[in-house]
Amino acid sequence: MPFRTRAAVTGAAVTAATVLLNPAPAAARPAAAPIATAGRAAPAGPGWSAAPSGADGRYFYLEGAPGTAMTDRLAVSNPSERAVTVRLRGAGARDGAGAWLLFGTAEVTVPPRTRATVPFTVTVPRDAAPGDHPGTIVATGPGATGGRSRVPVRLRVTGPALSALTVERVSVHRRGSAAVIRYTLVNRGNTVLRPSLAVRADGLFGPLLRRAGRALPVTLPPGGRVDRTETWPDPPALDAVDVRLTATAAGGAHDDATAGYTAVPWGGAAAVALLLAAGGGRFVVRRRRRAGRADPAAVGSEDRAPGAATEAADARTGASGGTGTGTATRTATTTATRTGTRTGTGVRR
């Protein structure tokens, strides 16, 4: 069977050539031993972490009535090759979950590749107002970036919810070619608010600004307040404006407040003041002149002698119905007065 022999020899030759030209893959070769570097530590593994022990793993949610105590557990994981010591504390407002939180231990040491669970209790005061009272669990440990982990605690005290929001201390001030509107938002209720604000300005001749309500990047806890500003890029140069701010939030919270703004350029204000002063001065001068022309007898009487004024008054009295005796008496009096005057005047030394 020559044909079969020749085929077998040819196949063997091809197979040998294939093996020689294509060596074994690198995965089949034995791995090389790692080369140690003197004085250099091995890279550290992932750092530790703190999270709720439940399936959520993002935050705690607790709900209860005033005077109740609620418990939960915090999980601290350490996947590294070294033991980690972590300190725990609550943070937040004085009337929030962070201030009402108490741990079973304030410090926990977690062995390598281990997860430790730390229980804690939140005791709601009996006089706590219904609504949201958020807080935060802060875990501090070793780490290149400060070694700090924060876990939110969302606590809701049961009871009637009240959403109330106020806009306070509204003012408008000029700043260059623009105007700045300053205001304060205050949460007067017992729920967390995320307010929206609308701005409106009206002048003497109609509307000047219409800014529809938009959500603000603000979260107000119960009793919280925040100072904010709104920029008005093109206010009028000469006008009397009423600016109105309207704030709203979920739950029916609503309030508005206004502030007046008078836009008058300095040059225009000075010109108006000068015109008013000049007009007022001319009015006073004209009024005095008219008063002098209306009563010429009063002006002439200032130049007459006292005696002449007396004689004129006596003459008018006699003419108005006096008797003959009265006339003689006045004549005699007048004559005596004149004689005495001449006598006194003629005696000279």
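Student: What share of the protein's contacts with a separation of 6 or more comes from residues 24 or more positions apart?

Tutor: Those residues account for 65%, with contact meaning heavy atoms within 4.5 Å. Bear in mind that this is a predicted model: local features need pLDDT of at least 70, side-chain atom pairs count only at pLDDT 80 or more, and totals for chains, interfaces and linings use all residues. Residues are numbered from 1 along each chain as its sequence is written, and side-chain values use heavy atoms, leaving out hydrogens and water.

Student: Okay, why is Phe60 called buried?

Tutor: Its relative accessible area is 2%. Buried means under 20%, exposed over 50%, and partly exposed in between (1.4 Å probe, protein chains only), so Phe60 makes the cut. Phe120 is buried too, at 1%.

Student: And what makes Phe60 and Phe120 an edge-to-face pair?

Tutor: Their centres lie 5.0 Å apart, with 85 degrees between the planes. Rings of Phe, Tyr and Trp (its six-membered ring) pair if their centres are within 6.5 Å; planes under 30 degrees apart are stacked, over 60 edge-to-face, the rest tilted. Both values fit, so the name holds.

Student: Why does this pair tie together parts apart in sequence?

Tutor: Phe60 sits in strand E2 and Phe120 in strand E7, so the parts it joins are 60 residues apart. Strands are DSSP runs of at least two residues, numbered from the N terminus.

Student: How do you know that Arg154 lies over the face of Tyr59?

Tutor: Arg154 is 3.9 Å from the ring centre. The rule wants NZ of Lys or CZ of Arg within 6 Å of that centre and within 35 degrees of the ring normal, so the distance passes.

Key: Helices (H or I, at least four residues) and strands (E, at least two) are DSSP runs, numbered from the N terminus.
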